[in-house]
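Visitor: I would like to be walked through this structure, one question at a time.
Guide: Have it in view, then, and we can begin.

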Amino acid sequence: MKNNNNFVFNAIGRKIPTNVNGKTVIPFMGIGKYLPEGNKHTSPISTCANFPSDGNKLLPTLKDSLIKAGLKSGMTISTHHHFRNGDIIANQIFDMASELGVKDLIWFPSASFECHAYLIKYLENGTIHHIEGSMNGSLGRFASDGLMKGCGVLRSHGGRYQSVQDGEVHIDIAVIAAPTADSFGNANGIDGPAACGSLGFALADSEFADKVIIVTDNLVVFPCIPWQIQGNNVDYVVQVEKVGLPEKIVSGTTEITKSPDRLFLAELTAKFCEAAEIIKNGFSFQSGAGGISLAVGNYFKEIMVKNGIKARFARGGSNKYLVSMLEAGLVDYILDGQTFDLEGVRSMRENPNHVWTSPFTSYNYHSKGNFASQVDVVILGATEIDVNFNANVVTHSDGYLLHGIGGWQNCLFSKTVILTVPLFRDRIPVIKDEVTTICGPGELIDVVITERGIAINPLRVDLIEKTKDSGLPIVSMTELKEMAEKICGIPSKPKFGNKPIAIVKWVDGTVIDTVWGVDES
Amino acid sequence: MKNQLGTAGNKGDKVRSDCFVSLEVTPSGGLQIELTSKVKTLYGESIITLCKEILVFFGIENAMLIIDDKGALPFVISARMEAAIKQLIYSEKEFLPEMLPENVYSTTRHQHRISRLYLPGNTPSLMLNAGIHAPNAIILDLEDAVAINKKAEARFLVRNALRSIDFSGVERMVRINQLPAGFDDLEFLLPHNVNLILVPKCESAIQIHQINKKIAALQTQKQMFRTVWLMPIIESAMGVMKALEIAQSAENVVAMCIGLEDYTADIGVQRTNKGNESLFARCQVINACKAVGIQAIDSVFSDITDMEALKQNVLQSKALGFEGMGCIHPRQIRVIHDNFAPTHHEIEYAQKIVSAYFYAIENGLGVVSLGTKMIDAPVVKRAQKTIELAKSMDFFFENQ
């Protein structure tokens with residue numbers, strides 16, 4: 001699995017390796033240009049005769065299940081981030097793999113959190129070869145310092161589903177931590193002490209992996225209803241004392257920010273949407289989990305109440321604020337990809353109009369149509385945006401890999417994409433000549449909102465026209481960049497080595513950019 | 001040489017947009033600089049270049065400098081450096097950042113001072129975005145919001161902030177320290193386009209005269225004669241008794257403010273939301289202001305989470321005759337604006353009165369009447385004031 005050192009420039013002008021972890025990769029060709037043919041990937045034929053007729057697939061321990069699933073060196077192991085920073089299962093899997101002397105595993109999480117910094121020791125001792133999934137915080141820093149054996153692969157939530165469907169990633173063993181399950185393997189996320197809402201990120205894994213293990217601390221008698229994960233796809237079930245840390249599953253992002261500067265940004269974003277006539281009867285919206293995004297939802301609510309407007313649906317990340325809109329009749333449906341607090345979980349359990357979804361429904365490239373492109377407006381963030389609206393969400397301006405892509409790339413297909421960001425963070429300009437890493441092409445990004453001005457993509461003549469007399473501070477990206485530089489000074493660029501430490505995939509599986517190792521010397 | 005080690009700034013995990021510098025002048029060895037910074041990759045070189053420039057400016061050729069930077073902007077770094085240097089050497093020189101051209105403007109006697117946002121004078125992170133929240137004014141506070149041991153360094157920071165931060169055109173106020181320390185603050189403010197000085201714990205006209213004398217001297221010295229307005233703060237029983245004397249003490253006193261935390265402490269009672277204990281003081285200040293035609297400004301409301309209580313407080317304040325209130329958090333600004341503003345009902349009624357007034361004049365009627373009510377001249381005057389206020393606050397035409 002050695003990288004050779006051939007590089008090419010892709011359609012957006014970024015230098016990318018042609019071979020990653022021993023596999024040839026396809027350079028980004030442009031949006032909607034890569035149209036693969038052939039059949040989807042599939043999983044081995046299973047036969048019910050090989051499984052207990054009483055449906056009981058329980059094994060005593062997680063270790064037993066890994067051994068029975070045939071854990072061996074070089075395999076790809078998938079886990080999921082439904083428990084966010086309260087996940088404890090991923091770490092245990094690699095504890096056991098290390099004990100068993102297994103090497104060179106590929107970890108394929110749907111996202112990683114700071115709790116997974118624990119795994120650095122297994123990246124160091126060779127248990128894990130590399131990570132294909134987000135590398136947040138300490139893991140990202142470890143990779144940026146060039147310490148990971150293989151090259152990281154960053155994918156969006158939709159891109160992860162695409163890679164499983166078209167066989168780019170073959171999952172050997174999927175371990176799905178489930179808040180509730182029965183011994184047949186039916187599982188859901190809405191009941192139990194570790195309730196987290198949806199289990200959508202594990203859906204592809206349950207259908208495509210060679211072996212599927214369900215781990216739960218809330219075993220119920222068959223049938224486990226609803227079965228977000230179907231037992232028919234599951235090989236083994238393990239009961240543990242604790243499957244996740246509930247207090248960390250819903251922590252952090254569930255309160256509206258109190259920062260006056262962030263509230264200002266959120267309100268400005270809502271005002272823009274009102275002026276651009278996006279907030280109208282029957283519209284749909286999505287905003288993320290961060291403090292600003294939650295606050296945007298609340299300002300939307302004020303505008304909707306004031307003008308007697310109802311939304312047809314909102315895409316979650318759901319939380320108590322979105323639930324209150326659903327229950328007040330301001331929104332007909334919540335289509336929920338992940339649930340950020342217990343109110344969201346309760347609502348999903350009780351309200352048929354609060355619907356759990358997976359990346360297949362929401363974001364999938366290999367689908368007959370794209371949900372994401374039907375959403376009227378999405379409000380997202382970014383670490384950096386360049387004067388051509390290209391944006392970065394994975395690296396910081398000092399070059400370090402610190403975040404995953406999440407659903408960010410997938411959401412760029414919405415009818416209006418707004419990035420709401422401060423003009424600078426402490427002294428670090430967010431609007432720049434060139435971003436460190438391109439995660440999203442500027443042609444998909446319509447509006448950039450900062451506290452000191454709003455820039456509209458020249459491609460969106462309609463938005464420019466609608467907001468020209470709004471009194472909002474509409475400026476150009478170049479003006480925003482100059483404002484940031486006037487306040488902060490012109491930043492130097494980080495020094496990079498010549499080793500790719502990760503690649504960034506576009507939603508179609510092609511490579512849009514490279515994350516380079518940081519050269520601190 | 002005064003001290004061995006000069007230090008300035010703030011450090012700690014929660015500190016943002018600031019830095020902590022420790023400086024030691026050494027007998028030899030040139031300039032040794034140790035920089036820890038979260039923006040080292042982006043600005044490390046420019047920070048070191050700036051620090052060297054400042055040291056050389058003050059004639060320091062040998063020194064050990066340690067900077068713990070949390071993303072401080074250049075004007076903050078230079079304020080911290082100058083504060084540390086002046087603990088070690090005596091110098092009349094000042095290392096001044098460029099004065100932004102957009103920061104050179106005057107304000108007027110009668111402009112709105114409905115909301116004034118207090119900004120602690122030694123906390124740069126709270127200053128940077130203050131203007132975007134659109135208060136009528138910002139107050140860089142050298143007095144109660146700055147710890148005793150940080151008073152000296154805050155002056156450099158406030159001076160540099162007046163030059164380098166674009167506060168979006170709002171009135172730039174500074175609250176100086178209680179006299180006599182406040183006299184020394186003035187040297188850091190006057191040439192840097194401060195629009196208004198708040199004089200805390202004011203108890204006599206003499207204090208205002210002394211401040212004006214100092215201002216005049218500094219203006220002559222710097223040859224800069226832009227008007228500086230004054231807003232005395234009445235915060236004691238003596239101040240309340242002298243309210244009229246203070247209000248009419250000088251031509252540049254444009255507003256007077258009451259400070260209730262200190263006042264209630266001075267008279268030995270608890271401050272309550274209802275405010276019975278300070279009713280006399282507030283009325284006295286309001287009447288003194290109205291008697292001489294200046295703005296009467298209410299005390300800050302200190303619970304930043306309770307917007308409903310703030311609203312009630314503002315309505316009560318407005319009903320008594322106050323025309324504005326201090327804010328200690330940007331979230332308070334809107335509540336204060338919205339509730340000092342005339343209500344739709346008030347505007348509508350005022351419009352009817354004024355129309356009736358003009359109708360009477362046009363038709364040569366001796367008496368103005370609205371329905372069956374006779375309208376006296378003062379009622380017309382009040383109605384005109386309401387409409388003027390509404391117009392100037394952009395409320396007037398909103399739903400027309």
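Guide: A definition comes before the questions: two strands pair if DSSP finds at least two bridges between them. Keep in mind too that this is a predicted model.

Visitor: In which sense do strand 6 and strand 7 of chain A pair?
Guide: Pairing needs at least two bridges, and strand 6 (residues 76–79) and strand 7 of chain A have four bridges. In this pairing A:Ser78 stands opposite A:Phe108 of strand 7 of chain A. The sense of the pairing is parallel.

Visitor: How many residues of strand 7 of chain A are buried?
Guide: A residue is buried if 20 or more other C-beta atoms lie within 10 Å of its own. On one side of strand 7 of chain A, A:Leu105, A:Trp107 and A:Pro109 are buried, and on the other side A:Ile106 and A:Phe108 are buried. Strand 7 of chain A spans residues 105–109, and the number of its residues that are buried is five of five.

Visitor: Which strands stand at the edges of the sheet of nine strands in chain A?
Guide: This open sheet of chain A has mixed pairing and the order 19-18-17-16-20-23-27-28-29. An edge strand has a single partner strand, so one side of it is left without a neighbour in the sheet. The edge strands of chain A are strand 19 (354–356) and strand 29 (474–475).

Visitor: Which residue stands opposite A:Arg315?
Guide: Strand 17 (residues 311–318) and strand 18 (residues 331–339) of chain A run parallel and are joined by six bridges. The residue opposite A:Arg315 lies in strand 18 of chain A, and is A:Leu335.

Visitor: At about what angle does helix 15 of chain A run to strand 28 of chain A?
Guide: Helix 8 (residues 260–275) of chain A lies across strand 20, strand 23, strand 27 and strand 28 of chain A, and runs at about 140° to strand 27 of chain A. Helix 15 (residues 477–488) of chain A lies across strand 27, strand 28 and strand 29 of chain A. The angle of helix 15 to strand 28 of chain A is about 145°.

Visitor: Which elements do the buried residues of helix 10 of chain A pack against?
Guide: Helix 10 of chain A covers residues 320–327, and its buried residues are A:Tyr321, A:Leu322, A:Val323, A:Met325 and A:Leu326. Just after helix 10 of chain A, A:Gly329 takes a positive phi of about 80°. The buried residues of helix 10 pack against these elements of chain A: helix 9 (291–307), strand 17, strand 18, helix 11 (342–350) and strand 19.

Visitor: Which strands stand at the edges of the sheet of three strands in chain A?
Guide: The order of this open sheet of chain A is 12-11-14, with mixed pairing. A strand at the edge has a single partner strand, so one side of it has no neighbour in the sheet. The edge strands of chain A here are strand 12 (187–188) and strand 14 (219–220).

Visitor: Which residue stands opposite A:Thr180?
Guide: Strand 11 (residues 180–182) and strand 12 of chain A run antiparallel, joined by two bridges. The residue opposite A:Thr180 lies in strand 12 of chain A, and is A:Asn188.

Visitor: How many charged residues are on the side of domain 1 of chain A that touches domain 2 of chain A?
Guide: Chain A is divided into domain 1 (59–132 + 169–250) and domain 2 (260–494), with 31 Å between their centres, taken over C-alpha atoms. In the contact, 14 residues of domain 1 of chain A meet 18 residues of domain 2 of chain A. By class, that side of domain 1 of chain A has eight nonpolar and six polar residues, and the number of charged residues is no more than none.

Visitor: What distance separates the centres of domain 1 and domain 3 of chain B?
Guide: The domain assignment of chain B gives domain 1 (5–88), domain 2 (110–340) and domain 3 (344–392). Taken over C-alpha atoms, the distance between the centres of domain 1 and domain 3 of chain B is 63 Å.

Visitor: Which helix of chain B gives the largest share of the side that touches chain A?
Guide: In the contact between the chains, 20 residues of chain B meet 17 residues of chain A. The largest share of the chain B side is five residues, and the helix they come from is helix 1 (residues 40–57) of chain B.

Terms used. Residues are numbered from 1 along each chain as its sequence is written. Chains are lettered from A and ligands numbered from 1 in the order in which they are written. This is a predicted model: local features need pLDDT of at least 70, side-chain atom pairs count only at pLDDT 80 or more; totals for chains, interfaces and linings use all residues. Two residues are in contact if their C-beta atoms, placed from the backbone, lie within 7 Å. Domain bounds come from an automatic or database domain assignment. Axes are lines fitted to C-alpha atoms, for helices over the stretch in contact, and angles run from 0 to 180 degrees between N-to-C directions. A residue is buried if 20 or more other C-beta atoms lie within 10 Å of its own, exposed if 12 or fewer, and partly exposed in between; C-beta atoms are placed from the backbone. Ala, Val, Leu, Ile, Met, Phe, Trp, Tyr, Cys and Pro count as nonpolar, Asp, Glu, Lys and Arg as charged, and the others, Gly among them, as polar.
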